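Colleague: Could you take one part of this model and go through it slowly, in words that a first-year student can follow?

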Amino acid sequence: MNENYIIVDWLQFTTSVHSRSQILEMFGLTDECFLPARSGGRWEQVDMINKVRIEYGGQRNDISFTASGSGCRYIETAYKNKNQSDIDWYECLTYLLSYKGDGVNISRLDIACDDKNEVLEMRKIMNAAKNEKYVSRTRVKPERIEGRKEIVYFGSEKSKTRLRIYNKALERGVEEKWIRCELQLRDDAADSFISNLQEYKDIGRTFSGVLNNYLRFTTKNPSDCNGHYDDLKITKWWTEYIGTAEKIKNVKSVGLEYNYEHLENLMKKNYASSIKAFLLANDGNISALLDIVNGAKLNNKQKEMLNEIEHVNADSVEGW
């Protein structure tokens with residue numbers, strides 16, 4: 001991915017097979033001065049320093065470790081000061097994954113790529129999102145507050161995979177070009193990313209490959225291609241950002257050929273007039289329409305799409 005900066009921007013896990021001292025040693029935090037913090041109730045004791053949080057004790061037999069973005073930067077500094085070398089995030093992540101099923105659960109992993117080479121422009125990204133010129137595995141939610149933030153979300157807040165693309169320079173209030181693409185991965189999505197990392201042994205290649213499979217910005221709206229998505233052309237700027245990365249599948253999710261936008265466009269183009277005619281024939285009585293759809297079975301693609309949408313669980317609507 002060109003000369004961009006790949007960083008671990010959030011790490012959260014629990015372990016029942018490591019001691020507090022072993023965790024501190026892993027991240028070079030042995031000699032750091034942690035301070036007690038208020039417990040959230042799940043663990044009895046909480047130690048915290050610069051957004052690094054360790055929770056333990058009480059009725060639970062495991063330890064919780066959380067490092068936010070600034071916490072990860074603090075770990076990098078502390079580790080280098082202690083070991084005179086950079087922390088190897090690849091080694092840390094793959095080590096933790098090796099204990100999956102034996103007491104370690106990685107609940108969240110954020111991987112971010114900072115573009116400071118002026119390859120990406122928020123104006124182009126916001127316009128592409130607004131005009132639906134992209135192929136994605138989930139819905140998009142652009143948000144712009146003039147002078148304060150520019151951000152596009154792909155995926156709901158509760159999704160196992162969520163992508164944020166935002167103007168980091170605007171957020172920080174600095175005069176430079178700085179766009180951040182950040183993958184927020186939860187549970188098996190985090191495990192899957194680390195598993196891919198083990199295979200490709202390069203965090204940049206893994207990030208760009210997973211991102212390339214999850215999102216592609218296109219020169220036109222996919223709904224104008226009559227389902228022939230292979231004919232879509234990827235924008236030059238997104239191709240330049242991704243580089244030559246192959247697509248890497250990161251956990252099972254909605255296929256490129258089916259997402260909410262595709263469903264909505266399908267309804268508008270093929271069924272809207274029929275639904276309207278049916279309602280007019282029934283004097284606008286929507287219950288007649290509901291009688292038809294009640295009990296209809298969802299296929300797997302529809303279920304996966306619904307599960308990507310916040311507050312909707314496909315299993316809970318079966319038989320509705």
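Modeller: What follows is a close look at strand β6 and the loop after it. The model is a predicted one, in which local features need pLDDT of at least 70 and side-chain atom pairs count only at pLDDT 80 or more, while totals for chains, interfaces and linings use all residues. Residues are numbered from 1 along each chain as its sequence is written, and side-chain values use heavy atoms, with hydrogens and water left out.

The strand β6 covers residues 104-115; helices (H or I, at least four residues) and strands (E, at least two) are DSSP runs, numbered from the N terminus. Of the twelve residues in β6, eleven are buried, where buried means under 20% relative accessible area, exposed over 50%, and partly exposed in between, with a 1.4 Å probe and protein chains only.

The strand β6 pairs with two others, and two strands pair if DSSP finds at least two bridges between them. One partner is β1, residues 5-15, which runs antiparallel to β6 and is joined to it by ten bridges; here V8 stands opposite I111 of β6. Another is β11, residues 179-186, also antiparallel, with eight bridges to β6, and in this pairing L185 of β11 is the bridge partner of L109. In a regular strand, side chains alternate between the two faces of the sheet.

After β6 comes a loop that leads to α4, residues 122-130, and E118 lies in this loop. The phi of E118 is near 65°, a positive value in a residue that is not glycine, and E118 is exposed, with a relative accessible area of 54%.
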